[in-house]
Amino acid sequence: MKKLLFIFFLLLQTFIFADASLNGPSGLVTMPTAQSLHYKEFNISYDYLGNIDKSENNLWKYSVNLGTFENLEIGIVGGEVPEEGVFLNVKYFISEGSERLPLTFATGFENLTAKADSAFYIVVSKTLQSDFHIHGGFKTIFGEELDPMAMFGLNYQFNEKIEFLGDLNGEEQTYFVNIGSKYQLSDNFNIRLNIVDLFQIGEEGRFITLGLSTNKFL
């Protein structure tokens, strides 16, 4: 574990984290936040997921998100996961604070078009300092049975180029700790590096993910 963390933080000097979460909506490593794309703003991301514990389970996925109407973000996620095909994600701002350190709210759906495992969520994001944010919320996964889960995360802007982030998320009452980084290559391009399921709680094993994202306005 110490060796894995050493490699991760060493790579942070050259790799970054994109604006979309691995599950598609804008957010942290896997959880969405109460931050969304602006009107006519879009991002496109691609991630390669290398399994540390089971090399035969390496995967790739992509996502596309667009700020459509006021306070509404719509996107798709696809690739080798999810297995059913391309899924739709929707996020809507309930309210947005206007103070210097705002508290914002959002609600949405992940995998809305899936036959199983679609999820409804409510999240809250709070700016504690200009460079430090915390996020929390709840989601309900619609499978054979309803699966309610809590979510928590944070992100810290280390400098103009590098950002650190992490979240606690999961499914089937199993929680995973995920950590990540974001490094800005240019005004429109980022690279992101994450470790999913840091403590190997799930059966699928830990993943190191490397992704590229672009963010622009139409």
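These are my notebook entries on a few strands, two loop residues and a cavity in this predicted model.

**Ground rules.** I number residues from 1 along each chain as its sequence is written. The model is predicted, so I keep local features only at pLDDT of at least 70 and side-chain atom pairs only at pLDDT 80 or more, while totals for chains, interfaces and linings use all residues, and side-chain values use heavy atoms, with hydrogens and water left out.

**Entry 1: strand β2 and its neighbours.** I took strands as DSSP runs of E, at least two residues long, numbered from the N terminus. Two strands pair if DSSP finds at least two bridges between them. I looked up β2, which spans residues 59–67. Its covered face holds L59, K61, S63, N65 and G67, and W60, Y62, V64 and L66 make up the uncovered one. On one side I found β1 (residues 41–51), antiparallel to β2 over eight bridges; L49 has L59 as its bridge partner there. Next I checked β3 (residues 72–79), which is also antiparallel to β2 and is joined to it by seven bridges. Here Y62 is partnered with G78. The β2–β3 hairpin has four residues between the strands, and N71 in it takes a positive phi near 65 degrees.

**Entry 2: two more positive phi values.** Which loop holds N111? I found N111 between β5 (103–110) and β6 (118–129). N111 is not a glycine, yet its phi is positive, about 55 degrees. I then turned to Q200, in the loop between β11 (189–196) and β12 (207–217). Q200, another residue other than glycine, has a positive phi near 55 degrees. Are these two buried or partly exposed? I use buried for under 20% relative accessible area, exposed for over 50% and partly exposed for in between, with a 1.4 Å probe and protein chains only. N111 counts as buried because its relative accessibility is 19%; Q200, at 40%, counts as partly exposed.

**Entry 3: the cavity.** A cavity here is a set of points on a 1 Å grid over the protein atoms alone where a 1.4 Å probe fits but cannot get out, and lining residues have an atom within 4 Å of a point. I found one cavity of 30 Å³ or more, with the largest at about 30 Å³. Its lining is S21, L22, S45, D47, K61, Y62, S63, V77 and R192. β1 and β2 are the elements that give two or more residues to this lining, and β2 has the largest share, three residues.

Conventions. 1 Å grid on protein atoms, 1.4 Å probe; cavity = no way out; pocket = protein on both sides within 12 Å on 5 of 7 lines; lining within 4 Å. Points joined across faces, edges and corners; volume = space filled by probe spheres on them.
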